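Me: Could you walk me through one part of this model up close? I'd like to see how the residues and helices around it fit together.

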Amino acid sequence: MNQVFAGLKTCLILLILVVFMRGYYSLYVNLDKQPKPFMQKEEWLRAGTGAHVMPLPTQLAARLIDSLHIHDYHPVGQLVKDADGYVVGCLNQTAWPARMDSTSRNLVGYYQDIVKIPGVTIQHNYEGICVGRY
Amino acid sequence: MKASALDVISAVSLYLGGALSLGFLLSWYFLRGRDGLKSLFGCFALGLTALYLLVLFQLSLTGITGVLVGSIVGAVALAIWRRNQRLFRLNSVTYACYALFVGLSLLAGWTILERMFYEPVYQWDARIVWYLHAKQLFFSNGLSADTGIVFPNSQGVYHPGYPLLMPAISAYIAHYVGFWNDYFPKANLFILFLGLLIAMLSARSIHWAWKTIMVVMMVGFNPYMMSVGYNPLFLTLGYMDGWLAIYAGLCLLFLALYVRHGSREYLFNAITTGFLLPGIKNEGALLTLIIFGCYAVGLLLFNLRDRRFIQFHLKTWLRFWPIVVMGVLPLVVWSQYKNRWNAQVKDYDFSRLKQFGDYGTIFSDEKMALIDANYTDRVFLGNYWYLYLLLVAATVIYCWVTALSTKNWRRLGQELTLSLSSGLVFVGLMIVVYCLSVHDLTWHLSTSADRLGLHSYYLVGIGMLTMISQLHYQAYRPAKRKHEEATPVKKRAALNQAVAGPVTPAPAMETTTTNRRDAGKKASARKQKR
């Protein structure tokens, strides 16, 4: 009976090996299709790093909010719709502890969107992204 | 501002050590005199749950440091006080095997470890939900009214209903290091990876070679993840789905081991892991219900005639009632927060299930075709599903052939029900849940089907590996195992008589002795008299 078990076990192990080998083949095929990793080994232990993988408008807006020491902001215009909300969602995380608040008097967006809003003065313009204030 | 790698390592070590110690302190009374290594993973899971509960009770991150240090000191003091109680029974060969196992596992996991630490958070859920919540907890030094997870004028996608266990670990590590960036807070995933290794050390009934296969399969070198093209990113991106699936698999593994060996430590591990799952992600509650539901069905289905066996199981469960209460508490507290914040998940309309006449619309052919193309096809490994089905069929046949020889089909049936049906039940329930989606189904499937497929894959995969590894153990050591199996008392006595020959009446004191330590003391006293 033990020989039967040994045979069955060998068959099972072979089957598992075949499934895994098929999987390894897929791995090598898929690795080229995957996006390249964003490794910057020297950065991983420095404060505030990691935003360089974000879309450019997110990076610019976050830098602007940080440099102006704003505690809350309200994104407006095309910036809100960019990449189906991904730009603003990431800005929310990147700019924290500055809070995204719908009642804030600090408006963040593209220059052409901010200048259209009556009663708003441009505080700072940084490569097309600017902060306006009521 | 810059930190050293040592800061991150010490933060992870403190959290891990503190969680283990806290779990040990909370559970030692229920497991005194038992195998400490077997219940080590349960201590880890219980410790994480207890720390999560403290965060929900609005203890600050600074306070968490005090709890971690206090737990380590308390655990050491308890170990010294109870030094006569043997918790760990290991020999040098076992140590060598375990060292080899850990080495192989780390080697297998190196790919994911590298990406875990050297890649910033950039995917949607990871950035906008998990690590935003972690950053909020870090900047407000714990959960409070000022944390910002919910505030009236907030904008953007927040998902405040997602649990805070994993963000709380990230926030603590950042608090310890002293600043935030988007790299090292992902060390919370590394803590889960170490938990996986602890789980494998605790599963002592499985041969180390099978453990290595399991870890290699779990950390990403598996056909499912490769076929969908995400391998091994799902464990490193900051998504919690992959780790939730792995921990659901571990819960299943320990429950199956409990059914097989009847060891109370395995039940402890299964219970604590089961209550950890809803803390990792909301779907964890469904996974826990399915796993323990399948266990209950198997127990009732195959032991209907043996009520004493069912009573024995119930009594063992009742021994752990304080642990169960402690596991349920974070769920209750978190539900209270969600009710207060009006943050319940509103992606599905479960009330439609009450409309019996409407089932034709709910489960329409168009929906089923979409779900089949995006979900079930992926779960069953896409274009080489036939290999997968062959593996399941081979496992079942192998199990039944073994059962015929060992004549232990009742317990085997219970194990098969638990191990192989949990994943399939989950697939069935996910199809129902997708049919009740209030969003556009094409969009909903494209954003979540590949991740939810992982849960089914891990449940079925780990279930199969558990069965095969355990049957190998049983098939080759039938004589030894017969004494350990829960065969009826009369049969066991007959077997013992057949092995030992004619029974001579034993001294009355020895037959009534049930405690091994007492028996040992009496034997040594007899030797001294001689």
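**A loop residue and the helices beyond it**

Reply: Start with Y239(B), which sits in the loop between α9 (223-227) and α10 of chain B. Helices here are DSSP runs of H or I with at least four residues, strands are runs of E with at least two, and both are numbered from the N terminus. Keep in mind that this is a predicted model: local features need pLDDT of at least 70, side-chain atom pairs count only at pLDDT 80 or more, and totals for chains, interfaces and linings use all residues. As for bookkeeping, residues are numbered from 1 along each chain as its sequence is written, chains are lettered from A and ligands numbered from 1 in the order in which they are written, and side-chain values use heavy atoms, with hydrogens and water left out.

Is Y239(B) buried or exposed? Y239(B) is buried, at 8% relative accessible area. (Buried is under 20%, exposed is over 50% and partly exposed is in between, using a 1.4 Å probe and protein chains only.) Setting aside neighbours within four places in sequence, Y239(B) is in contact with Q123(B), W124(B), D125(B), A126(B), L189(B), F234(B) and R451(B). Contact means heavy atoms within 4.5 Å. W130(B) is 109 residues from Y239(B) in sequence, yet their C-alpha atoms are 7.8 Å apart.

Now go on to α10(B), residues 241-261. Two packed helices are described by the angle between their axes and the distance between the axes. For α10(B) and α11(B), that's an angle of about 160° and a distance of 8 Å. (Axes are lines fitted to C-alpha atoms, for helices over the stretch in contact, and angles run from 0 to 180 degrees between N-to-C directions.) α10(B) and α11(B) are therefore roughly antiparallel. That label is for angles over 145 degrees, while under 35 is roughly parallel, 65 to 115 roughly perpendicular and the rest oblique. The crossing of α10(B) past α11(B) is left-handed; left-handed means that the near helix is turned anticlockwise from the far one by less than a right angle, and right-handed that it is turned clockwise. Residues making the contact include Y247(B), A248(B), C251(B) and F254(B) from α10(B), and Y266(B), A270(B), T273(B) and G274(B) from α11(B).

Some of those names come back in the ring pairs: F41(B), F44(B), Y247(B), F254(B) and Y266(B) are linked into a cluster. Rings of Phe, Tyr and Trp (its six-membered ring) pair if their centres lie within 6.5 Å; planes under 30 degrees apart count as stacked, over 60 as edge-to-face and the rest as tilted.

Stay on α11(B), residues 264-280, and you'll find T272(B). T272(B) is buried, with 2% relative accessible area. What does its side chain reach? The T272(B) side chain gets to the backbone oxygen of F268(B), at 2.9 Å. Not counting residues up to four places away in sequence, T272(B) touches G42(B), A45(B), L46(B), T49(B) and I323(B).

L46(B) and T49(B) also turn up where α2(B) meets α14(B), with I323(B) on the α14(B) side. Helix α2(B), residues 40-56, packs on α14(B), residues 321-341, at about 35°, with the axes 10 Å apart. α2(B) passes α14(B) in a left-handed crossing too. Y52(B), L53(B) and L56(B) are among the other α2(B) residues involved, and α14(B) adds several, including V333(B), W334(B) and Y337(B).

Just past α2(B), Q58(B) is in the loop between α2 and α3 (61-81) of chain B. Its phi is near 65°, a positive value in a residue other than glycine. Most residues other than glycine have a negative phi, and most peptide bonds are trans. At 42% relative accessibility, Q58(B) is partly exposed.

Back to the rings: the count is 20 aromatic pairs over all chains. F138(B) and W180(B) have ring centres 6.1 Å apart and planes at 35°, so that pair is tilted. F138(B) belongs to helix α5 (residues 124-139) and W180(B) to the loop between α6 (165-177) and α7 (187-202) of chain B, so the pair ties together parts 42 residues apart in sequence. F138(B) is buried at 15%, and W180(B) is buried at 7%. W334(B) and W341(B) form an edge-to-face pair, 5.7 Å between centres and 90° between planes. W334(B) is buried as well, at 4%.

Note on methods. Polar contact = N/O pair within 3.5 Å; in protein donor to acceptor, adjacent residues only side chain to side chain.
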